[in-house]
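Reader: I have the protein open next to me and I'm not sure where to start. Could you walk me through it slowly?

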Amino acid sequence: MLTNSLVELDRQHLVHPVSSFRGHEARGVRVLRSAKGATVTDVEGRELIDGFAGLWCVNAGYGHESVVEAAAEQMRRLPYATGYFDLGSEAPIRLAAALAERAPGDMNHIYFTLGGSDAVDSTIRFVRYYWHAKGQPERDQFISVAQGYHGSTTMGAGLTALPGFHDGFGVPYAWQHKISSHYLYRNPLGDDPQMVIDASVAELRAKVAAIGEDKVAAFYVEPIQGSGGVLVPPKGWIKAMRDVCKELGILFVADEVITGFGRTGPIFASAEEGIVPDLMTCAKGLTSGYVPMGAVFMSDHVYDTIADGAGAKAVGHGFTYSAHPVSAAVALEVLALYEGGLFDNGIKAGARLMAGLESLRDHPLVGDVRGRGMLAAVELVTDKDKKTPLPPEVQPATRLFDRAWDQGLIVRSFAQGIFGYAPPLCCTDAEIDAIVERTRAVLDITLEDPEIRAAMR
Ligand code: PLP
């Protein structure tokens, strides 16, 4: 009864993000009610393992009372403080200092946002301001990577390179350019890592030359491309791209909205690659999804250039909820939990997850298994030699998601027929094993689909 009325109210009034409005009306919502650890429970009492940590964000897992208490304590004492007018509050100051201490190199300056998209948008504004401050306002062209995702604000959606975020929205803008993705499994050049690295370096150089070397402002990368299908670059790819940017004098922006906070093992994936970006974004795991928050990290030279360029003038970029004290208090407590054992557990669980998913390679539908730490994907094909994607009639995004749900598992199911995994770092061995077993069950059931059987013939 409760479910029916909620489904109906949802259908009539709630607009869902990145959804087919009509498709959602027809399918109806599944209403979640509570969660603990890595398990979520819906309103009918059905328990599922959340193999995607909400939306790759609940890295610490659900139900930490200390996080709830940190938020409540902050709300009771000081629920809000603006950062305008030289005001501030303790939690964001302590959080900025803690993050600067843990960030790669000299990324000592932190600007807090409400999530990942406005963090990316903020970097675009800061990059433009930086080049104006340097007396080179003509550097106003941006480059990102095909299959990349950099959020859903108008400017970020243009850096994003997924057509679904462009069609009908009038983006990308003319100043937003792309180079090809590394996508090792489907790279037309093959999967030799060095060849792929060399090709990306050559393409970036060629793109910069074509735009004009003195016109390019910044290059954006995700250390692992998430929403494009969990695409892991070959080792050395990011370092090579960072080096080209340094040589050509282009700002390098690492978008760590997914990869930050232990998702791939260390606190930031950039550190793992041994690089120091000029700017970096994060969100999601920053507060583990308990409340919204994102951040922009600026290296000393970016901050100082903007500061000196502005002089006594205000740098006109800010939100009412920049550096929100409740979000910061939550982030500080989440950081304590991560460093109190969750990062270590994530590394152990990530190794088990990757080994488990690798064991699925023998399945007739599995073309590729890839990932790092607690961020992974299984790509389904109907012909392993030809790497034939699942037929569109199967509608992988909804059908595979539904099948996993029926097995008691939530995983991301990409339209191309790719399962994406990003479980909470708190997962036990038994939960990781269940994620793998339930995935195998979904694969076995899917193998019986008439459309799949026809495509395999
Ligand atoms: N950047 C990357 C790499 C992301 O994966 C995302 C979200 O998935 C964003 C930016 C946007 O973050 P948000 O959804 O918090 O606005």
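**Ligand, domains and helices**

Author: Let us begin with the ligand, keeping in mind that this is a predicted model; the residues of the shell around the ligand divide into 5 nonpolar, 7 polar and 2 charged.

Reader: Okay, and which residues come nearest to the ligand?

Author: Of the 14 residues around the ligand, the ones that come nearest are Gly115, Gly116, Ser117, Gly151 and Val257.

Reader: Which helix gives the largest share of that shell?

Author: That is helix α6, spanning residues 116-133, which supplies 3 residues of the shell around the ligand.

Reader: Switching topic, what domains does the assignment give?

Author: The domain assignment gives domain 1, made of 31-64 together with 339-456, and domain 2, which covers 81-323. Their C-alpha centres lie 28 Å apart, and the contact between them takes 28 residues from domain 1 and 17 residues from domain 2.

Reader: On the domain 1 side, which elements give two or more residues?

Author: On the side of domain 1 that touches domain 2, those elements are α3 (53-56), α12 (325-358), β11 (366-372), β12 (375-383) and β16 (418-421). The largest share there, 5 residues, comes from α12, and by class that side of domain 1 divides into 15 nonpolar, 8 polar and 5 charged residues.

Reader: So α12 again... how do the axes of α5 and α12 cross?

Author: The axis of α5 (residues 90-102) comes within 8 Å of the axis of α12, and the two cross at roughly 40 degrees. An angle from 35 to 65 degrees falls outside the roughly parallel and roughly perpendicular ranges, and α5 and α12 are therefore oblique to each other. The crossing in which α5 passes α12 is left-handed.

Reader: And which residues make that contact?

Author: From α5 the contact uses Ala91, Pro92, Arg94, Leu95 and Ala98, while α12 brings Pro325, Ala328, Ala329, Ala331, Leu332 and Leu335. Sorted by class, the contact of α5 with α12 has 10 nonpolar residues, no polar ones and 1 charged residue.

Reader: Last thing, what kind of peptide bond joins Val171 and Pro172?

Author: The bond joining Val171 and Pro172 is a cis peptide bond, with omega at about 5 degrees, and Pro172 has its place in the loop between α7 (154-159) and β6 (176-179).

Reader: And what about phi of Val230?

Author: Phi of Val230 is near 55 degrees, a positive value in a residue other than glycine, and Val230 is found in the loop between β7 (216-221) and α9 (237-248).

Definitions and conventions: Residues are numbered from 1 along each chain as its sequence is written. This is a predicted model: local features need pLDDT of at least 70, side-chain atom pairs count only at pLDDT 80 or more; totals for chains, interfaces and linings use all residues. A residue is near a molecule or strand if its C-beta atom, placed from the backbone, lies within 6 Å of it. Helices (H or I, at least four residues) and strands (E, at least two) are DSSP runs, numbered from the N terminus. Ala, Val, Leu, Ile, Met, Phe, Trp, Tyr, Cys and Pro count as nonpolar, Asp, Glu, Lys and Arg as charged, and the others, Gly among them, as polar. Domain bounds come from an automatic or database domain assignment. Two residues are in contact if their C-beta atoms, placed from the backbone, lie within 7 Å. Axes are lines fitted to C-alpha atoms, for helices over the stretch in contact, and angles run from 0 to 180 degrees between N-to-C directions. Angles under 35 degrees count as roughly parallel, over 145 as roughly antiparallel, 65 to 115 as roughly perpendicular and the rest as oblique. A crossing is left-handed if the near helix is turned anticlockwise from the far one by less than a right angle, and right-handed if clockwise.
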